[in-house]
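Please open the model in your viewer and keep the selection panel at hand. The tour goes from stop to stop, telling you what to select and what you will find there.

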Amino acid sequence: MILDELTHSSGEWLRGEGPEADIVVSSRIRLARNLADFPFSNRASAMQKGEIEGLLRERVTKLDGSIRLQYLQLHVLEPIDRQFLVERQLISREHATSEGQRGVAIEARETRSIMINEEDHLRLQVLRSGFQLDEAWDDINQLDDLIEQRVTYAFSEEFGYLTACPTNVGTGMRASVLLHLPALHMTKQIEKVFRALQKINLAVRGLYGEGTRASGDFYQISNQVTLGKAEGDILKEIREVVPQIISYERMSRNTLLRESRSLIQDKVSRAYGTLRSATMMTSEETMDLLSSVRLGINLSLIDDLTIPAVNELFLQTQPAHLQKLQGQALDGEERNVARANYLRSKLKPNPN
Amino acid sequence: MKCQYCSQPATVHLTNVEPSGVRRELHLCEACAEKKNVINKQELNLSSILQTLIGAHVGARSDELSRLACPVCGIRYMEFRAEGRLGCPHDYEVFRIGLEPLLQRIHRGGANHHIGKRPRRRPRSPNWHRELLDLRRQLKEAVEQEAFERAAALRDLIRQKENLG
């Protein structure tokens with residue numbers, strides 16, 4: 001079963017590769033699409049949702065070309081398995097907790113996924129490691145073409161691709177980059193960056209999307225506007241602004257090293273030490289400490305750990321992942337013990 | 001500018017116009033603003049923001065809008081206003097007068113019409129999809145009313161129409 005295979009790996013987007021991967025963890029694009037002759041999912045009856053799910057399942061699992069997707073019906077999955085998919089960014093939190101017949105098609109490498117009966121009938125997603133928006137666009141554009149050979153989309157010349165929520169209408173595209181910005185946070189410059197981004201209509205969110213807090217110093221930056229701008233122009237805006245944020249983050253890192261080297265060394269060492277020795281660890285604390293360790297690796301203050309290894313720890317210490325690894329349901333306190341055990345086992349000092 | 005209560009930089013600026021017409025200005029840092037309950041640091045909730053936006057932009061025409069309902073999927077404009085989600089693709093036409101100012105506000109900086117990718121597959125005829133949507137709504141209602149004979153007939157009609165296309 002695909003879920004078991006996934007448990008012991010981490011998605012390709014967490015490999016820590018690709019351009020600027022020390023700061024840009026991943027690039028993601030999603031497209032919202034709807035069938036022309038069904039009501040939107042939220043307005044569809046249970047029977048209609050069943051029809052939509054059945055029809056689209058059949059279509060997306062038999063696409064032409066080399067794309068092979070595995071399909072999961074979410075309404076028959078356990079809540080913990082749905083949460084597991086949320087933590088891997090393969091489905092949205094809304095898709096995990098909503099009602100009715102719905103599913104997700106996932107490619108084994110986890111770079112492509114298609115949600116069915118989320119807010120829109122179809123939500124296509126492509127995820128890439130590092131700063132690779134253009135590659136992600138080429139990929140999702142092609143996936144969209146393949147699906148379009150098999151279904152008729154709701155589209156109007158005036159309003160573009162028609163979506164359940166008017167915030168997505170037009171291109172239906174949300175392009176985002178996931179940035180790790182610990183130094184901008186430490187030097188208290190992050191709010192300034194946010195304000196500047198808001199002025200140019202880009203949105204900033206936490207790791208798991210809308211309404212989540214930016215734990216672990218991870219921030220998602222995405223376009224707000226979907227109507228009246230071509231995909232290429234939307235991507236260009238993000239592509240132009242991200243290098244500036246990257247250079248601010250690098251400048252802040254250099255400033256920290258230059259002016260507060262012992263302070264930053266201490267913070268990183270304490271974080272590393274705590275992760276290696278604590279016996280109980282909350283999810284939130286883990287995120288914060290791993291963030292400092294990740295920064296420490298990028299500043300060459302830690303030399304016996306790699307970025308992909310830390311990326312993996314971020315993922316595997318999330319509640320559903322932890323429980324899948326342990327093979328049993330755990331309550332909050334048990335999870336904190338299991339999380340600390342897991343971290344200690346993974347971060348054991350090298351005997352040499 | 002510094003916060004009125006401490007020396008931190010002020011990032012929250014508020015002007016209150018009291019019923020008497022007196023203006024009161026507040027300049028606070030985020031921490032003090034939160035303490036004074038000026039801002040509520042709850043999680044950002046897009047749909048509540050959207051609802052405020054929808055409410056703010058219908059203004060004068062709200063009477064006309066409040067009577068609107070989509071003949072195809074049955075959703076009323078007021079339901080859209082409360083939930084922030086439309087019912088079917090046809091709503092973009094039916095609720096046009098309410099949607100246009102809203103779209104301009106949400107998609108600030110963009111043109112007022114779609115620019116970008118278009119599907120290669122064109123609709124079969126302008127009304128074809130709308131008729132099918134309409135039949136599906138009738139079928140849904142027939143099932144809800146347990147009018148199974150009518151439901152069966154409608155299902156056949158839908159099949160026929162799908163196959164004809």
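Two residues are said to touch, or to be in contact, when they have heavy atoms within 4.5 Å of each other. Keep in mind that this is a predicted model, in which local features need pLDDT of at least 70 and side-chain atom pairs count only at pLDDT 80 or more, while totals for chains, interfaces and linings use all residues. Residues are numbered from 1 along each chain as its sequence is written, chains are lettered from A and ligands numbered from 1 in the order in which they are written, and side-chain values use heavy atoms, with hydrogens and water left out.

**Stop 1: a loop residue in chain A**

Select A:Asn201, which sits in the loop between α7 (190-199) and β9 (202-205) of chain A; helices (H or I, at least four residues) and strands (E, at least two) are DSSP runs, numbered from the N terminus. Leaving aside residues up to four places away in sequence, A:Asn201 touches A:Asn223, A:Gln224, A:Val225 and, in the other chain, B:Arg108. With a relative accessible area of 17%, A:Asn201 is buried, a word that here means under 20% relative accessible area, whereas exposed means over 50% and partly exposed lies in between (1.4 Å probe, protein chains only). Although A:Asn201 is not a glycine, its phi is positive, at about 60°. Most residues other than glycine have a negative phi.

**Stop 2: a salt-bridge network**

Now select A:Glu20, which lies in the loop between α1 and β1 of chain A and also has a positive phi, of about 55°, without being a glycine. A:Glu20 is partly exposed, at a relative accessible area of 34%. Add A:Asp22, A:Glu249, A:Arg250 and A:Arg253 to the selection, and you have the residues that a network of salt bridges links with A:Glu20; a salt bridge is a side-chain nitrogen of Lys or Arg within 4 Å of a carboxyl oxygen of Asp or Glu.

Within this network, look at A:Arg253 and A:Asp22, whose closest N and O atoms are 3.9 Å apart. Because A:Arg253 lies in helix α8 (residues 231-259) of chain A and A:Asp22 in the loop between α1 (2-7) and β1 (24-33), the pair ties together parts that are 231 residues apart in sequence. A:Arg253 is buried, with a relative accessible area of 4%, while A:Asp22 counts as partly exposed at 21%.

**Stop 3: helix α5 of chain A**

Which residue forms a salt bridge with A:Arg33? The partner is A:Asp144, at 3.1 Å from N to O. A:Arg33 belongs to strand β1 of chain A and A:Asp144 to helix α5 (residues 133-148), so this pair ties together parts that are 111 residues apart in sequence. Relative accessibility is 0% for A:Arg33, which counts as buried, and A:Asp144 is likewise buried at 0%.

Select the whole of α5(A), where the buried residues include A:Leu133, A:Trp137, A:Ile140 and A:Leu143. The end C-alpha atoms of α5(A) are 22 Å apart, which agrees with the 22 Å that its 16 residues should span at 1.5 Å a residue, the expected span being 1.5 Å times one less than the number of residues.

**Stop 4: chain B**

Colour chain B by secondary structure, and you should find 8 helices and 2 strands, following the pattern β-β-α-α-α-α-α-α-α-α along the sequence. Of the 165 residues of chain B, 33% count as buried.

**Stop 5: where the chains meet**

Finally, select the contact between the chains, which takes 52 residues from chain B and 53 residues from chain A. The area buried between them is about 4500 Å², of which carbon and sulfur atoms give 53%; buried area is the accessible area (1.4 Å probe) that two parts lose on being put together, summed over both.

Across this interface there are 9 salt bridges. One pair that you can select is A:Arg43 and B:Glu79, with their closest N and O atoms 3.0 Å apart; A:Arg43 lies in the loop between β1 and α2 (46-60) of chain A and B:Glu79 in helix α4 of chain B, so the pair joins two chains. B:Glu79 counts as buried, at 18% relative accessibility. Another pair to select is A:Glu51 and B:Arg136, whose closest N and O atoms are 3.5 Å apart in their salt bridge.
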